[in-house]
Amino acid sequence: MPVLLRSAGRVLGPLVLALPACLVACADEQPVPPPPTDSPPAQVDAARDELAALAAAAQDRRLVAQYVHSRAGQPDRTVVFTSANDGSWRVDVPGGALGGTVDVSLAATADGLFQCALPSPGRPESASCVRVGDRDEPLPRRLDPRVQHPFTDWLDVLTDRRAPLAVAPASAPKGLTGTCYSVDSTTASLNAPLDVGIYCYDRDGTPTGLRTGNGTLRLAAPPGPPPATVQLAGPVTDGEPLGTEAPPTPTADPSDSPSAGTS
């Protein structure tokens, strides 16, 4: 029996010594796992940073600027955006209420958020304003002409790195200038934080245009200097704000029609 044990020891000894070396070699030959694929490409991440910086500059930009709003099937209209030195703002929107028949102005001041109805073909009266909420309160959807968002609350979304957005460099659409980015939503929610599309800015943060499902906004001329504060278009009243939908068509009164058998 001792002879057999000595023989087994002579055989197993080299194997026991070789086993750790084999394990190390085999471990070295394992394939290196690929890097995680959920990290964004460097170019996309840089584009998000660049757009956030331009949007932050746009928040601090004080100016008076005219934009042409184009939409398929509708005549072009000139939108005027004013960002005053005290942080108040105003956007004049031709055809912004009652199905495009009434011009309106939206303004945010220290006293709140206002909608002002302007003299227009659908409303010949003098301008008057209605308070519709606090300064930073969202405008109710039924009152929202949507063209003011690129200059106001959407800038907050573009500067928020936590917002569910995908950003990439983009070529300027026809008629637009500046540095442009494609902005898409990464969430399936119906309440997207902004309209997806192409957003363009000058180097100083001036919005030079955008193209979304709501049409195209194009800077029409170099911006002018800002006022100290914005002025409401008219006096504040207790009236009702005007919605964007066209008013119902009045139906004919049956009593006005000739009765049967009369001439």
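This passage describes the sheet, the disulfides and the largest pocket of a predicted model.

The sheet is open and is formed by 11 strands. Strands of a sheet pair through backbone hydrogen bonds, either parallel or antiparallel. Here the pairing is antiparallel. The strand order is β6-β5-β4-β3-β2-β1-β11-β10-β9-β8-β7. Two edge strands close the series, β6 (128-133) and β7 (165-170). Each of these pairs on one side only. From one strand to the next, the twist averages 20 degrees. At the β7 edge, β7 and β8 (residues 179-185) pair in the antiparallel sense over 6 bridges. Within this pairing, P169 stands opposite Y181 in β8.

The disulfides come next. A disulfide is a covalent bond between the sulfur atoms of two cysteines. The model holds 2 disulfides. With bonded cysteines counted along the chain, they follow the pattern 1-2, 3-4.

One disulfide joins C116 to C129, with an S to S distance of 2.0 Å. The torsion about its S-S bond is about 105 degrees, so this disulfide is right-handed. C116 lies in strand β5 (residues 112-117) and C129 in strand β6, so the bond ties together parts that are 13 residues apart in sequence. Buried means under 20% relative accessible area. C116 has a relative accessibility of 1% and therefore counts as buried. C129, at 0%, also counts as buried.

The other disulfide joins C180 to C200, again with an S to S distance of 2.0 Å. The torsion about the S-S bond of C180 and C200 is about 110 degrees, so this disulfide is right-handed. The pair links distant parts of the chain, 20 residues apart. C180 is in strand β8, and C200 is in strand β9 (residues 197-201). C180 is buried, with a relative accessible area of 4%. C200 counts as buried at 1% relative accessibility.

The remaining feature is the largest pocket. Rolling a probe the size of a water molecule over the atoms shows where empty space is left. The largest pocket has a volume of about 1,400 Å³. Its lining comprises 49 residues. Nearest the pocket centre lie D144, R146, Q148, H149 and D153. Helices and strands both contribute to the lining. The helices α2 (42-60) and α3 (153-159) each supply at least two residues. So does each of the strands β1 (63-71), β2 (74-83), β3 (89-97) and β4 (102-109). By residue class, the lining divides into 21 nonpolar, 14 polar and 14 charged residues.

Conventions:
Residues numbered from 1 in each chain as written. Predicted model: local features only at pLDDT ≥ 70, side-chain atom pairs only at ≥ 80, totals over all residues. Heavy atoms only, no water. 1 Å grid on protein atoms, 1.4 Å probe; cavity = no way out; pocket = protein on both sides within 12 Å on 5 of 7 lines; lining within 4 Å. Points joined across faces, edges and corners; volume = space filled by probe spheres on them. Helix = DSSP H or I, 4+ residues; strand = E, 2+ residues; numbered from the N terminus. Nonpolar A, V, L, I, M, F, W, Y, C, P; charged D, E, K, R; others polar. Pairing = 2+ DSSP bridges. Axes fitted to C-alpha atoms, helices over the stretch in contact; angles between N-to-C directions. Disulfide = S-S within 2.5 Å. Buried < 20%, exposed > 50% of the residue type's maximum accessible area, 1.4 Å probe, protein only.
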